[in-house]
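Me: I would be grateful for a close look at the side-chain contacts of this protein, with particular attention to its aromatic rings and charged groups. Please explain each step in a form that a first-year student can follow.

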Amino acid sequence: MERKNGTLPDGWEYRLPTEAQWEYACRAGSTTAYHFGNSDSQLGQYAWFGDNARDVNQKYVHEVATKRANPWGFFDMHGNAWELTGDMYADYPTDSVVDPWLKTGGSFPWTVAAASAPHRRTAAQPRRDSRSPDSRDYDLGFRVACVQITSLSPDLAELDEPGEIWTSPNGFTMAYVPPGEFMMGSNESEIGGRPSDPRWDEVVELVIDLTDSKKIPKQR
């Protein structure tokens with residue numbers, strides 16, 4: 001629609017964020033178990049999770065933005081729901097990579113990311129699992145990224161600081177995510193959940209460099 005009426009310039013597209021883009025926005029520049037630190041004492045201010053939702057018979061996804069946002073303006077990055085990403089599910093790369101996006105060759109059609117699933121007692125970042133394209137569940141959702149796909153694309157807006165707000169022509173409220181480099185994956189201090197299932201608790205860290213999109217607004 002926006003492409004047809006000329007409000008979305010050539011070189012831009014709406015799509016699911018990649019797994020790397022999702023985790024980068026979730027971490028919001030942090031290197032700790034939560035974007036607010038390593039202690040879970042503040043978790044209830046930012047997330048719906050086991051203690052304040054499922055364990056008190058609220059086994060459903062709660063309304064978005066009823067908890068505090070992370071430093072880049074994103075709500076519900078901890079807890080509440082699993083979120084689809086644009087990658088196929090596969091093991092992490094063994095070396096550092098630039099702009100990873102696994103479209104083929106994975107062991108499962110979709111990777112879902114969350115920090116973490118709503119039934120967990122601690123919603124530390126990040127967690128990942130796999131789902132089929134036709135999955136339907138009460139705790140599965142997605143958010144939209146507006147991504148610059150060519151370096152010659154015009155800027156959508158003058159955005160410089162992480163979390164700056166841009167409202168798309170179709171009314172999406174988007175938060176700006178700058179390009180950058182970060183450590184993707186979990187370290188041992190963040191491990192939890194079900195150790196019998198390695199998909200949930202992979203001890204892997206690698207450097208991800210996100211350069212393909214000078215502007216990556218994502219739906220809040």
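Reply: The account below begins with the aromatic rings and then turns to the charged side chains, the surface and the cysteines.

The model is predicted, and every value given here is computed from it. The structure contains five aromatic pairs. In general terms, such a pair is described by two quantities, the distance of the ring centres and the angle of the planes.

One of the pairs is formed by Tyr 24 and Trp 72, which meet edge-to-face, with 5.1 Å from centre to centre and 75° between the planes. Tyr 24 belongs to helix 2 (residues 19-27), while Trp 72 lies in the loop between helix 3 (43-46) and strand 2 (82-84), so this pair ties together parts that are 48 residues apart in sequence. Both Tyr 24 and Trp 72 are buried.

The pair of Phe 36 and Tyr 46 has another geometry: the ring centres are 4.8 Å apart and the planes stand at 15°, so the pair is stacked. Phe 36 is in the loop between helix 2 and helix 3, and Tyr 46 is in helix 3, 10 residues apart, and the pair links distant parts of the chain. Phe 36 has a relative accessibility of 16% and therefore counts as buried, because the term applies under 20%. Tyr 46, at 8%, counts as buried as well.

Ring pairs also join Tyr 24, Trp 72 and Phe 182 into a cluster.

A further ring, that of Trp 101, is accompanied by charged side chains. Arg 15 lies over the face of Trp 101, at 4.1 Å from the ring centre. Lys 103 also lies over the face of Trp 101, at 4.0 Å from the ring centre.

Arg 15 leads on to the salt bridges, of which the structure holds three. In one of them, Arg 15 is joined to Glu 13, with the closest N and O atoms 3.2 Å apart. Arg 15 is buried, at a relative accessible area of 12%, whereas Glu 13 is partly exposed, at 24%.

Another salt bridge connects the side chains of Glu 23 and Arg 27, at 2.8 Å from N to O. These two residues both lie in helix 2, four residues apart, which is about one turn of the helix. Glu 23 is buried, with a relative accessible area of 2%, and Arg 27 is buried too, with 5%.

There is also a salt bridge between Arg 143 and Glu 83, at 2.7 Å from N to O. Arg 143 is located in the loop between strand 6 and strand 7 (145-148), and Glu 83 is located in strand 2, so the pair ties together parts that are 60 residues apart in sequence. Arg 143 and Glu 83 are both buried.

On the surface, Tyr 60, Val 61 and Tyr 138 make a nonpolar patch of about 270 Å². Tyr 138 is found in the loop between strand 5 (127-131) and strand 6 (140-141). This tyrosine, Tyr 138, is partly exposed, with a relative accessible area of 37%.

The cysteines complete the account. A disulfide is a covalent bond between the sulfur atoms of two cysteines. The structure holds zero disulfides. Cys 26 is buried, at 0% relative accessibility, and Cys 146 is likewise buried, with a relative accessible area of 0%.

Technical notes
Residues are numbered from 1 along each chain as its sequence is written. This is a predicted model: local features need pLDDT of at least 70, side-chain atom pairs count only at pLDDT 80 or more; totals for chains, interfaces and linings use all residues. Side-chain values use heavy atoms; hydrogens and water are left out. A disulfide is a pair of cysteine sulfur atoms within 2.5 Å. Buried means under 20% relative accessible area, exposed over 50%, partly exposed in between (1.4 Å probe, protein chains only). Rings of Phe, Tyr and Trp (its six-membered ring) pair if their centres lie within 6.5 Å; planes under 30 degrees apart count as stacked, over 60 as edge-to-face and the rest as tilted. A charge sits over a ring if NZ of Lys or CZ of Arg is within 6 Å of the ring centre and within 35 degrees of the ring normal. Patches are made of residues with over 30% relative accessible area and no salt bridge: like charges are joined within 9 Å, nonpolar side chains (Val, Leu, Ile, Met, Phe, Trp, Tyr) within 5 Å. Accessible areas come from the Shrake-Rupley method with a 1.4 Å probe; for residues, only the protein chains shown count as cover. A salt bridge is a side-chain nitrogen of Lys or Arg within 4 Å of a carboxyl oxygen of Asp or Glu.
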